[in-house]
Amino acid sequence: DDLSTLPLTTYDHIFERIEQDGLENVLLSPSQINFRTSGSTGKPKSFHYGAEDIDRFALEYAVVSRMMGIRPGMRGWNLGGPLPDVSGYMFDQAKDVLEMADSVSTLLKDDKDLIIALRRISSERKVDIMATAALMLYLIGRMGNEPGFLHGLIEDKAMRSYRLPRPLAKLARRIYLRGVDLDALKSITGEVTIAISYAEPLNPYLSELKRCYPRIQVHDAYGSTENPITAVQIDRSVNGLSFFIHTLIPEIATTEDVIKHNADPGHTVRGVPWYEWKEGMRGELIVTREGQCLPLVRYPTGDVIEVLDPAHSMTVNIGGENVEITLPLIRVLGRSVETLDFEAKDEAGNYLGMKFYSRYVNEALHRSSNVRWWEMYNIKEMPARLAVVVIPETDPADIARYKNEIVRRLTHERSDIPHSFQTANDLGKLDIIILPSKAYDVVEAEIGRRIREGRSYGQLKPKHIYVVPDDREFRRLMGERYGTEGQAGLRDARAREP
């Protein structure tokens with residue numbers, strides 16, 4: 001009960017103390033490893049862990065895996081990210097505890113690593129388990145079952161990125177894919193029975209996964225650099241994640257309350273602890289957890305969750321014995337900055353499991369003197385589509401050249417952000433929509449309305465990042481917001497060069 005009276009421990013506060021006092025004076029014990037990701041400060045978020053932490057995480061991963069039905073002797077294929085990413089490391093640490101030492105690990109940083117992974121797995125006879133992001137499950141499934149799918153991706157990229165004509169692109173594809181046996185890949189995907197997926201919701205992919213992996217049961221997992229094992233889909237009869245409370249004390253607080261704390265650290269955020277959760281409750285997740293190096297006390301995760309069942313009971317088979325377990329059942333609704341109608345200091349979006357921040361996009365686009373306003377729309381198709389709407393200062397004489405420049409800035413100029421945009425571009429899922437300069441009148445009118453409403457300075461500008469369920473809703477929003485200019489921009493987006 002006293003926990004909710006304590007202040008939040010934000011990452012900005014942790015980073016500030018490390019900068020001022022030195023890492024060795026902040027950590028409780030020497031760091032064995034640290035996981036990093038791009039954070040809202042614009043610098044990598046870094047969380048440090050000791051040997052005891054690593055052992056605990058490996059055990060937690062193993063316990064979760066047993067509940068999913070993973071048994072000793074099974075073979076896994078680990079397609080997570082390499083260090084400092086947390087995903088690939090966790091599986092590799094847990095496989096010995098799970099008695100799965102014969103597993104294959106091909107960690108992925110970029111598309112070249114994927115081809116290396118496909119060559120490696122081509123020599124294998126069978127895997128039972130795959131651990132990777134939902135997008136990667138989808139892509140590999142289609143590669144194994146539709147040979148033309150991978151061929152088309154490689155050829156299109158060769159034509160788009162290197163300006164090769166189609167005949168040379170076909171030749172480049174044959175050379176690039178030497179050693180990749182798509183028949184072997186199809187055989188392997190046909191035998192996979194369990195997949196551990198993370199980074200983005202599974203729902204958009206389920207029908208395609210069932211087609212490509214006829215025997216598979218996919219379990220969604222939710223974790224992060226600050227807490228690798230947080231919640232996992234154990235009961236596949238319900239569309240929710242079981243929250244692991246044995247090493248975590250989770251709370252839910254209103255996102256507005258957390259924002260007030262960020263502006264005024266003296267503001268007390270009253271969270272609701274997990275044992276008082278009610279069905280339908282929503283809010284930002286705050287976690288308290290132990291840590292050999294860096295324990296966290298009331299850390300705001302930035303993720304908005306919904307409680308589906310505060311005490312969901314299920315029966316799992318572990319080692320041949322049926323065990324009844326009761327845990328809170330939740331679903332993750334998204335990042336807090338995607339759910340509030342104001343411009344946060346560092347508004348974040350999430351595309352295909354890869355985060356990008358408005359700060360980075362601003363820096364990439366506003367280096368050009370001819371970008372006045374931009375918006376990002378994550379359109380939840382399968383795979384998702386990313387639409388970038390740009391309003392220039394002055395109307396460009398050459399629209400096609402201007403679009404190419406926008407793509408180049410988003411995909412090549414900054415190492416922090418290109419994977420989201422490059423992935424979308426490679427899949428043909430990146431639309432650049434250029435509106436006329438006069439469309440900025442809409443943005444100015446919105447700012448004026450907010451001024452008249454008496455909003456604070458930080459709430460005057462409209463959001464940059466939006467998530468919409470489908471193309472129909474996106475087109476409706478564009479028409480409602482920008483009228484005929486928006487509709488014209490949508491038509492012109494299809495005319496860009498590949």
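Is glutamate 60 buried or exposed? Glutamate 60 counts as buried, at 6% relative accessibility. Hi everyone, let me start from there. Please keep in mind that what we are looking at is a predicted model.

So, what does glutamate 60 pair with? Its salt-bridge partner is arginine 56, and the closest N and O atoms of the two are 3.8 Å apart. Both residues sit in helix H3, which covers residues 51-68, and since they are four residues apart there, about one helical turn separates them. You may remember the general rule: an α-helix has 3.6 residues a turn, so residues three or four places apart point the same way. Arginine 56 is buried as well, because its relative accessible area is 15% and the cut-off for buried is under 20%.

Let's move along the chain to arginine 75. Arginine 75 makes a salt bridge with aspartate 102, with the closest N and O atoms 2.8 Å apart. Arginine 75 belongs to the loop between H3 and strand E3 (76-78), while aspartate 102 belongs to the loop between helix H4 (87-97) and strand E4 (104-105), so this pair ties together parts that lie 27 residues apart in sequence. In terms of burial, arginine 75 has a relative accessible area of 8% and is buried, whereas aspartate 102, at 45%, is partly exposed.

My next pair is on strands. Arginine 282 forms a salt bridge with glutamate 306, and here the closest N and O atoms are 3.7 Å apart. Arginine 282 is in strand E12 (residues 282-289) and glutamate 306 is in strand E13 (residues 296-318), so to speak of distant parts of the chain being linked is fair: the two are 24 residues apart. Arginine 282 counts as exposed, at 53% relative accessibility, but glutamate 306 counts as buried, at 9%.

Salt bridges can also share partners, and one such network joins Glu155, Asp156, Arg166, Lys170 and Arg173. How many salt bridges does the structure hold? The count is 29.

Let me finish with helix H13, residues 399-412. With 14 residues at 1.5 Å a residue, H13 should span 20 Å, and its end C-alpha atoms are indeed 20 Å apart, which agrees. At the start of H13, a side-chain oxygen of aspartate 398 comes to within 3.2 Å of the backbone nitrogen of alanine 400. And which residues of H13 are buried? They are Tyr402, Lys403, Ile406, Val407, Arg409, Leu410 and Thr411. Thanks for listening!

Key: Residues numbered from 1 in each chain as written. Predicted model: local features only at pLDDT ≥ 70, side-chain atom pairs only at ≥ 80, totals over all residues. Heavy atoms only, no water. Salt bridge = Lys/Arg side-chain N within 4 Å of Asp/Glu carboxyl O. Buried < 20%, exposed > 50% of the residue type's maximum accessible area, 1.4 Å probe, protein only. Expected span 1.5 Å × (residues − 1). Polar contact = N/O pair within 3.5 Å; in protein donor to acceptor, adjacent residues only side chain to side chain.
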